[in-house]
Amino acid sequence: MMGDEKKLYIKTYGCQMNVYDSERMAEAMGAQGYVSTDTPEDADMILLNTCHIREKAAEKVYSELGRFKGLKAARPDLKIGVAGCVAQAEGEEIMRRQPLVDLVVGPQSYHRLPTLEARARQGERAIDTDFPEEDKFEVLKTRPKAARGPTAFLTVQEGCDKFCAFCVVPYTRGAEVSRPVARILAEARDLVERGVREITLLGQNVNAYHGAGPDGDWGLARLIWALNDVDGLERIRFTTSHPNDMDDALIAAHGECEKLMPYLHLPVQSGSDRILKRMNRSHTAEQYLRLIERIRQARPDILMSGDFIVGFPEESDQDFEDTMELVRAVNYGQAFSFKYSTRPGTPAAERALVDPAVADARLQRLQALITQQQRAIQDSMVGRDVQVLFEKPGRLPGQMVGKSQYLHAVHVTGGSPKVGEIHRVRIVESGPNSLAGQLLA
Ligand code: 5AD
Ligand code: SF4
């Protein structure tokens, strides 16, 4: 029987939703006799789950595909597929530009992957970038009850109707769609049975969630409260949120819902009202700051995270200084900043670019400020007690690694905590990327 087993290698780029999707695709192909492998060299099928959010991501995919040329020449039976948002945005072009590719599948069609693979085995170059009617999550429902690590992603919402002027997501992932409450709760219970203690709810616009519940539409806060009642689940997180969808119930949940962790990723993109308007963000810097004030009133110790774009078309020195000012006002525990890159087909693609050297210099300044804030907040944990969910052994003998409620990585040596357990830990040291602590209880 073992001889019939085929091997699947998936490389995942980009966001956490792609990580979730890759797991689902591996499960779908598992039902076709595929087992996962970490090495492309012994795979029967290679799948790149791609990201289109910024320019370099797509270029990386093409260069990665080029590298499989030798493998394919040595083993003509090897099938190569491209999934994800680059597949959605430029599937036809991938087929034209890279003859090695046997199949292309967009994010809404993953449940059709086994069919596409079968067509590719027949020698066809198969492409599916539809937005089909059927619910891919239902078709992809997890079959084998394999044990898994203590943390998991769970997609609750997909797509985005916001149309920020720079962003491809509304085009590649489509319009906002929320999964029904019952299915999410069933998937959560299933994950908990398999050893999961922390679930991160995923959506491109997760706090716009409005799924069908037993008594009408539920918002994200209600869903979180229902998950709070799931025995064995200890921690709930969600990402990524839009400031305009932070409703009162969700803000209040941060103060009241015991399993909801004190960490919030809330991208603002810019601190300049002029640029926010051009970005079509439909909120001002002041509104964002006031929102954070309210969130901190509900949960004073919450750690804020964000995303920024610098060098958006027509960003002036003053606009950029406004961004720096906003960052100083918020004090981020974590933040991601990117140089604007033109995405074909988006409204901003028509506009004049900022001088790249200027944009680079701004990015450096912003990143230096963010790093300084991150480090200061991380360093301020020294001497404090945090709760750590242990995820895996560390690199040193006897060492275990986990995450605090604030999502800081924490190393502990001694006391032998087990994977999946949550313990109180006193932080004794702050390193470049993680904290070190001693087990208390
Ligand atoms: N250029 C640069 N950064 C972008 N992002 C989205 N689109 C672009 C773009 N065209 C960033 C935003 C978003 C994050 C996921 O990626 O900050 O929040
Ligand atoms: Fe893109 Fe987020 Fe804006 Fe939606 S809200 S268009 S996903 S940046």
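Is Phe163 buried, exposed or partly exposed, and what is its relative accessibility? Let me answer that straight away: Phe163 has a relative accessibility of 36%, and it therefore counts as partly exposed. Before going further, please keep in mind that what we are looking at is a predicted model.

Let me stay with Phe163 for a moment, since it takes us to two places. To begin with, Phe163 is one of the residues around ligand 2, and that group also includes Cys160, Cys164, Cys167, His242 and Arg281. If you sort the residues of this shell by class, you find seven nonpolar residues, one polar residue and two charged ones.

The other place is an aromatic pair, and a search of the whole structure finds four of these. Phe163 pairs with Tyr171 in an edge-to-face arrangement, with 5.5 Å from centre to centre and 75° between the planes. Tyr171, with a relative accessible area of 38%, is partly exposed as well.

Now compare that with another pair, Phe166 and Phe312, whose ring centres are 6.3 Å apart and whose planes meet at 85°, so that this pair is edge-to-face too. Why can we say that this pair ties together parts that are 146 residues apart in sequence? The reason is that Phe166 lies in the loop between β8 and α7, whereas Phe312 lies in the loop between β15 and α13. Here both partners count as buried, because Phe166 has a relative accessibility of 10% and Phe312 one of 0%. Ring pairs also bring in Tyr340, so to speak, linking Phe166, Phe312 and Tyr340 into a cluster. And Phe166, like Phe163, is among the residues around ligand 2.

Since β15 has just come up, let us turn to its sheet, which is an open one made of three strands in the order β14-β15-β16, with parallel pairing. The edge strands, each pairing on one side only, are β14, residues 263-265, and β16, residues 334-339. On average, neighbouring strands in this sheet are turned by 10° against each other, if we ignore direction. Between β14 and β15, which covers residues 303-310, there are three bridges, and Leu303 in β15 is the bridge partner of Tyr263. As a reminder, strands of a sheet pair through backbone hydrogen bonds, either parallel or antiparallel.

Finally, I would like to point out two places where a charged side chain meets a ring. Arg54 lies over the face of Phe338, at 3.6 Å from the ring centre, while the charged end of Arg97 sits over the ring of Tyr62, 3.5 Å from its centre.

Methods
Residues are numbered from 1 along each chain as its sequence is written. Chains are lettered from A and ligands numbered from 1 in the order in which they are written. This is a predicted model: local features need pLDDT of at least 70, side-chain atom pairs count only at pLDDT 80 or more; totals for chains, interfaces and linings use all residues. Side-chain values use heavy atoms; hydrogens and water are left out. A residue is near a molecule or strand if one of its heavy atoms lies within 4 Å of it. Ala, Val, Leu, Ile, Met, Phe, Trp, Tyr, Cys and Pro count as nonpolar, Asp, Glu, Lys and Arg as charged, and the others, Gly among them, as polar. Two strands pair if DSSP finds at least two bridges between them. Helices (H or I, at least four residues) and strands (E, at least two) are DSSP runs, numbered from the N terminus. Axes are lines fitted to C-alpha atoms, for helices over the stretch in contact, and angles run from 0 to 180 degrees between N-to-C directions. Rings of Phe, Tyr and Trp (its six-membered ring) pair if their centres lie within 6.5 Å; planes under 30 degrees apart count as stacked, over 60 as edge-to-face and the rest as tilted. Buried means under 20% relative accessible area, exposed over 50%, partly exposed in between (1.4 Å probe, protein chains only). A charge sits over a ring if NZ of Lys or CZ of Arg is within 6 Å of the ring centre and within 35 degrees of the ring normal.
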